[in-house]
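Here are some notes to read alongside the model. Please keep the structure open and find each residue as it comes up.

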Amino acid sequence: MKKQVLNIPYDRLDPDTLRTLIEEFVTRDGTDYGEIEVPLERKVEQVYKELKSGRALILFDTEDQTCHIFAKDDPVLKGVLEKD
């Protein structure tokens, strides 16, 4: 089966599932918010706003069965998603 990456609209997810996904993303090792410590709730709100504005995407990898959140302009996405 060919690997596919699907763009999952944030508003199609159950609110609790979305919250869990965002929390996992913002607490992941290597996530750096700079010198100032940002509370979890604020980090979650920031990512939610990015998803709502379309500046961030939730992508599901069908091969690995994993979800990830990316900035829409992240260079790693170049060539992954078809252009609209």
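**Notes on the helix pair and selected residues**

1. Start with the contact between the two helices. On the H1 side, the residues involved are Leu18, Arg19, Ile22, Glu23, Phe25 and Val26, and they meet Leu40, Glu41, Lys43, Val44, Val47, Tyr48 and Leu51 of H2. Sorted by class, this contact of H1 with H2 holds nine nonpolar residues, four charged residues and no polar ones. Please bear in mind that the model is a predicted one.

2. Next comes the geometry of that pair. Helix H1 covers residues 15-26 and helix H2 covers residues 40-53; their axes come within 9 Å and cross at roughly 115°. How are H1 and H2 oriented to each other? They are roughly perpendicular, because angles of 65 to 115 degrees are put in that class. The crossing in which H1 passes H2 is right-handed.

3. Glu41 is one of the H2 residues that meet H1. Is Glu41 partly exposed or buried? Its relative accessible area is 38%, so Glu41 is partly exposed, given that buried means under 20% and exposed means over 50%. Glu23 belongs to the H1 side of the contact. From C-alpha to C-alpha, Glu41 and Glu23 are 8.7 Å apart in space, while 18 residues separate them in sequence.

4. Now take the chain as a whole. The protein chain has two helices and three strands, and along the sequence they follow the pattern β-α-α-β-β. Of the 84 residues in the protein chain, 21% are buried. The accessible surface comes to about 6600 Å², and carbon and sulfur atoms account for 51% of that surface.

5. What share of the contacts between residues at least 6 apart in sequence joins residues at least 24 apart? In the protein chain that share is 45%. The points on Val80 and His68 below give examples of pairs that are distant in sequence, described by C-alpha separation.

6. Arg28 sits in the loop between H1 and H2. Its relative accessibility is 27%, so Arg28 counts as partly exposed. Which residues does Arg28 touch, once those up to four places away in sequence are not counted? They are Cys67 and His68.

7. His68 is the partner to look at next, and it lies in strand S3. With 28% relative accessibility, His68 also falls in the partly exposed class. Leaving aside neighbours within four places in sequence, His68 is in contact with Leu57, Ile58 and Leu59, as well as with Arg28. Strand S2 spans 56-61, so the numbering places Leu57, Ile58 and Leu59 within that strand. The C-alpha atoms of His68 and Asn7 are separated by 9.9 Å, and the two residues are 61 residues apart along the chain.

8. Gln65 deserves a look at its backbone. This residue lies in the loop between strand S2 and S3. Most residues other than glycine have a negative phi. Gln65 is not a glycine, yet its phi is positive, at about 60°. Is Gln65 exposed or buried? At 55% relative accessibility, Gln65 counts as exposed, because the cut-off for that class is over 50%.

9. The last residue is Val80, found in the segment after strand S3, which runs over 66-71. Val80 has 38% relative accessibility and therefore counts as partly exposed. How far apart are the C-alpha atoms of Val80 and Gln4? They are separated by 8.9 Å, although Val80 and Gln4 are 76 residues apart along the chain.

How values were computed:
Residues numbered from 1 in each chain as written. Predicted model: local features only at pLDDT ≥ 70, side-chain atom pairs only at ≥ 80, totals over all residues. Heavy atoms only, no water. Helix = DSSP H or I, 4+ residues; strand = E, 2+ residues; numbered from the N terminus. Buried < 20%, exposed > 50% of the residue type's maximum accessible area, 1.4 Å probe, protein only. Contact = heavy atoms within 4.5 Å. Areas by Shrake-Rupley, 256 points an atom, 1.4 Å probe, with all protein chains shown as cover. Axes fitted to C-alpha atoms, helices over the stretch in contact; angles between N-to-C directions. Parallel < 35°, antiparallel > 145°, perpendicular 65-115°, else oblique. Left-handed = near helix turned anticlockwise from the far one by under 90°. Nonpolar A, V, L, I, M, F, W, Y, C, P; charged D, E, K, R; others polar.
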